[in-house]
Structures are given as C-alpha cells and as structure tokens.
Amino acid sequence: MKDVDNWYYSDKVKEHFLKPKNFLEKEPKKGEFDAYGEAGSVVCGDIMKVWLKIDKKTERVKKFKWQTWGCASAIAATSMFSVMVTEKGGIKIKDALKITPKDIITRLHGLPPQKVHCSVLADQAFKKAIDNYYGGRV
C-alpha cells in the first residue's frame with residue numbers, strides 16, 4: 001500500500017482507519033441490539049450507521065457496533081467514538097451524550113479542518129440511536 005506511506009493524518013487516525021474497532025461486518029440479527037441510528041448523506045459521501053446494546057439496569061453502552069461509508073476520517077472517527085463509549089465496560093448513556101466531536105478529534109490526535117464534519121456525523125448517528133432507544137423521548 002504505497003499510498004499509506006504518504007499518510008497525512010495522525011498515527012491514531014491511521015490505526016483506526018486501517019484496523020477499525022467494533023466494526024460490524026454483517027447486518028445484525030433481529031433483536032441483537034437495542035437501538036439503531038444513522039446519520040449522513042450519500043450526497044456528501046459519508047454515512048454512519050450504529051447499533052447499540054444497552055444494559056437496561058445501569059444504562060451503560062455495552063456494545064457499539066457500526067458501519068461507515070466514507071473517507072478515512074469518517075471511518076477513524078466512528079471507530080474512535082465506539083471505543084470511547086464502550087471503554088471500561090461501557091459508559092453511561094448520559095455521559096456518552098456529553099462526548100463532543102472535539103473530544104473525538106482530540107482522541108484521534110487531530111483531523112484537518114475540512115474533515116471535522118466526519119466526527120460530527122459519528123456523534124449524530126449515536127444520538128439518533130439513543131433517541132431510538134428511548135422511543136423519541138430524548
């Protein structure tokens with residue numbers, strides 16, 4: 001992969017692009033997850049889909065699986081966000097909702113200004129999934 005040798009992003013972006021975490025390869029089985037959210041548009045070229053498994057007693061995000069169609073930044077941002085939400089056994093929904101696109105970018109050690117929208121889409125897809133989980137009551 002000669003083009004990867006001329007990588008212009010951080011090593012953390014490269015890691016999450018080439019070896020994404022929590023990626024869902026196949027469509028999930030019915031009932032496998034508690035919530036689904038999607039953000040983006042085929043017009044802009046980036047679409048994020050996320051599936052969540054929530055511990056109903058603790059309201060912790062136990063699983064965050066995703067599929068993203070888009071650029072390296074979109075894939076890396078969604079991968080990193082999935083790690084942030086599920087690390088340490090999963091964080092509470094209320095705390096996950098406080099994660100900002102800037103937090104995602106910081107954990108990725110930066111994104112070019114024209115790629116910031118990629119982290120916003122990961123955040124938006126997650127919020128739509130949480131809205132779905134609560135039945136539109138968020």
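**Close-up views of a predicted model**

**View 1. Where the predictor is sure of itself, and where it isn't.** In this predicted model, helix α4 (residues 93-96) has the highest mean pLDDT among the elements of the chain, at 97, while helix α1 (residues 2-5) has the lowest, at 52. Where pLDDT is low, the predicted coordinates shouldn't be read in detail. Taken over the chain, the mean pLDDT comes to 89, with 91% of the residues at 70 or more.

**View 2. The chain from end to end.** Six helices and three strands make up the list of elements here. Start at the N terminus and you'll pass them in the order α-α-β-β-β-α-α-α-α. The radius of gyration is 14 Å, close to the 14 Å that the globule rule gives for 138 residues, so the chain is as compact as a globular protein of that length. Along the principal axes, the C-alpha trace spans about 45 × 25 × 20 Å.

**View 3. Helix α2 against helix α3.** Here α2 (residues 11-18) packs on α3 at an angle of about 90 degrees, and their axes are 8 Å apart. That angle therefore makes α2 and α3 roughly perpendicular to each other. From α2 come Lys12, Val13, His16 and Phe17, and they meet Ala72, Ile75, Ala76, Ser79, Met80 and Val83 in α3. Sorted by class, this α2 and α3 contact has seven nonpolar residues, two polar ones and one charged one.

**View 4. Helix α3 against helix α6.** Now look at α3 (residues 72-86) with α6 (residues 116-133): their axes come within 8 Å and cross at roughly 45 degrees. The two helices, α3 and α6, are therefore oblique to each other. The crossing of α3 past α6 is right-handed.

**View 5. The side of α3 that faces the contact with α6, residue by residue.** On α3, the residues to find are Ser73, Ala74, Ala77, Thr78, Phe81 and Val85. Their partners in α6 are Cys118, Ser119, Ala122, Asp123 and Phe126. Split by class, the residues of this α3 and α6 contact come out as seven nonpolar, three polar and one charged.

How values were computed:
Residues numbered from 1 in each chain as written. Predicted model: local features only at pLDDT ≥ 70, side-chain atom pairs only at ≥ 80, totals over all residues. Heavy atoms only, no water. Axes fitted to C-alpha atoms, helices over the stretch in contact; angles between N-to-C directions. Helix = DSSP H or I, 4+ residues; strand = E, 2+ residues; numbered from the N terminus. Parallel < 35°, antiparallel > 145°, perpendicular 65-115°, else oblique. Left-handed = near helix turned anticlockwise from the far one by under 90°. Contact = heavy atoms within 4.5 Å. Nonpolar A, V, L, I, M, F, W, Y, C, P; charged D, E, K, R; others polar. pLDDT = per-residue confidence, 0-100. Rg over C-alpha atoms; globule rule 2.2 N^0.38 Å.
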